[in-house]
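Let's take a walk through a protein together, starting from one residue and working outwards. Keep the picture at hand as you read.

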Amino acid sequence: MAQTPRTARTARTADAPLRLTVLGSATPYPTRDNPCSGYLLEGGGARVWVDAGSGTLGPLQRHVGLGELDAIWISHLHADHTADLLTAYYGLLYADVRRPAPLPLYGPPGIADRLAGFLTNGPDRSPVEAAFEVHELYDGHRAPVGALGLTSRAVSHGMPAFALRAESEGRSLVYSGDTAPCAALTRFAEDCALLLCEADSSVHAADGEPVHHTPEEAGDTARAARAGRLVVTHVGRDMEPAEAVSRAAARYSGPVDHAAPGAVFTVGEGSGEGSGQIAERGFGQAAR
C-alpha cells in the first residue's frame, strides 16, 4: 500500500528489524524522479549508506544526516554508484556536519585515491582521509557496524566489484552490486531473506563477457540461492520496471518487487528468516 515518505528518524535499537530504504535505482544516470544506485540499510542499531550514486545524498537526508550515519559501503567505483561521495566530502568537512571522527567508508581498493583525483584542486592532495576513515574491501571482508554484520564477496563485473551480505538478529539481506551471474553470488546469497539484485541488461551483447544480470538471470540467481524475496534494481533504461519484474518472476516463484525510489523493505519482521516484507512505499510505487 502506498504511504507518504518517512520523515521521522527511526530509533537506533540493536533489535530493530533489518530495513532497506531505496534512495535511487536508476542507471547509468538519474531520471527526473529516480536517482542512481543508493540505499539506506538499517539494523543492529546501525545506519549504513550503501552505494552513493548520483542524486542519492538528497533523499538520504529524509531519514538520516551525514552526522548520524555509522558507515558507507560502496560496491564498485563506477560513477553511478559513487558520485555523491564527492558532495558528501564537502558536507563532512566544510559545511554544517559535525562528527567526532571521520565517517567509516568501506569500498574497493583505490577508492581514496580515486576520490582525491576528483577533489584535489591544487598542489596538495585533498584530505580525503579527514572526511572518511577508508577501509578497502577484499573477498571475504567482514566488518561489524554496531550489531550489524557486513560481509563482502568479490563478484564478476569486469573490475573490482563486491556484493554485500548484511546480517542482524538472525535476519539477512544480500545486495548483488553490479555483476554478471556468478557462482560466488549464488553461494553468497544462499537462504537470505531478501536478495536485492541488479537487472541492467535486457539482453546480453553477442560479443564480450556479460557484466550484468538480465531479469531472467536475476530470477535464476534468486531461485538457486533459495532467497525468500527478490527485489530487482538497477533496471536498464530500455526496460520498464514492470517488465523486469515480470521477466524475473517467470524464473522465480517467490515474491518479486522493483526497487522503486522511496520503497522500504523490512526483512524478517514478524516471521523470522525468509520473510522480506514491504513495510511501506515512499515517493515511488514499486511495480509487481
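Start with a pair of side chains: those of H76 and D178 make a polar contact at 3.4 Å. Keep in mind as you look that this is a predicted model. The side chain of H76 has a polar contact with the side chain of S75 as well, at 2.9 Å. Where along the chain does H76 sit? You will find H76 in the loop that runs between β4 (71-73) and α2 (79-82).

Is H76 buried or exposed? Its relative accessibility is 0%, and buried means under 20%, so H76 counts as buried. Who surrounds H76 there? Setting aside neighbours within four places in sequence, H76 is in contact with H81, T82, P108, H157, M159, P160, A161 and D178.

Now step back to the whole protein. There are eight helices and 15 strands, and buried residues make up 57% of the 288 residues. Of the contacts with a separation of 6 or more, 63% join residues that are 24 or more positions apart. On the outside, the accessible surface comes to about 11400 Å², and 51% of that belongs to carbon and sulfur atoms.

Next, look for the sheet. Seven strands form an open sheet with mixed pairing, in the order β7-β8-β9-β10-β11-β12-β13. At the edges stand β7 (142-145) and β13 (256-258); each has a single partner strand, so one side of each is left without a neighbour in the sheet. From one strand to the next, the twist averages 20°.

Let's zoom in on the β13 edge. Here β13 pairs with β12 (residues 230-233) in the parallel sense, over three bridges. One residue to find in β12 is V232, whose bridge partner in β13 is H258. Helix α8 (residues 241-249) packs on the sheet and touches both β12 and β13, with its direction at about 160° to that of β13.

What about the nonpolar side chains? In soluble globular proteins, such side chains tend to be buried together. In this model, the largest nonpolar core has 29 residues, of which L41, V48, V50, W73, L148, L150 and L196 touch the most other members. Try following L150: not counting residues up to four places away in sequence, L150 touches L41, V48, H141, R142, A143, V145, L164, R165 and A166. There is also a second, separate core of 27 residues, including L57, V97, A112 and A131.

Conventions. Residues numbered from 1 in each chain as written. Predicted model: local features only at pLDDT ≥ 70, side-chain atom pairs only at ≥ 80, totals over all residues. Heavy atoms only, no water. Pairing = 2+ DSSP bridges. Helix = DSSP H or I, 4+ residues; strand = E, 2+ residues; numbered from the N terminus. Axes fitted to C-alpha atoms, helices over the stretch in contact; angles between N-to-C directions. Contact = heavy atoms within 4.5 Å. Buried < 20%, exposed > 50% of the residue type's maximum accessible area, 1.4 Å probe, protein only. Areas by Shrake-Rupley, 256 points an atom, 1.4 Å probe, with all protein chains shown as cover. Polar contact = N/O pair within 3.5 Å; in protein donor to acceptor, adjacent residues only side chain to side chain. Core = buried A, V, L, I, M, F, W, Y, C linked by side-chain atoms within 4.5 Å.
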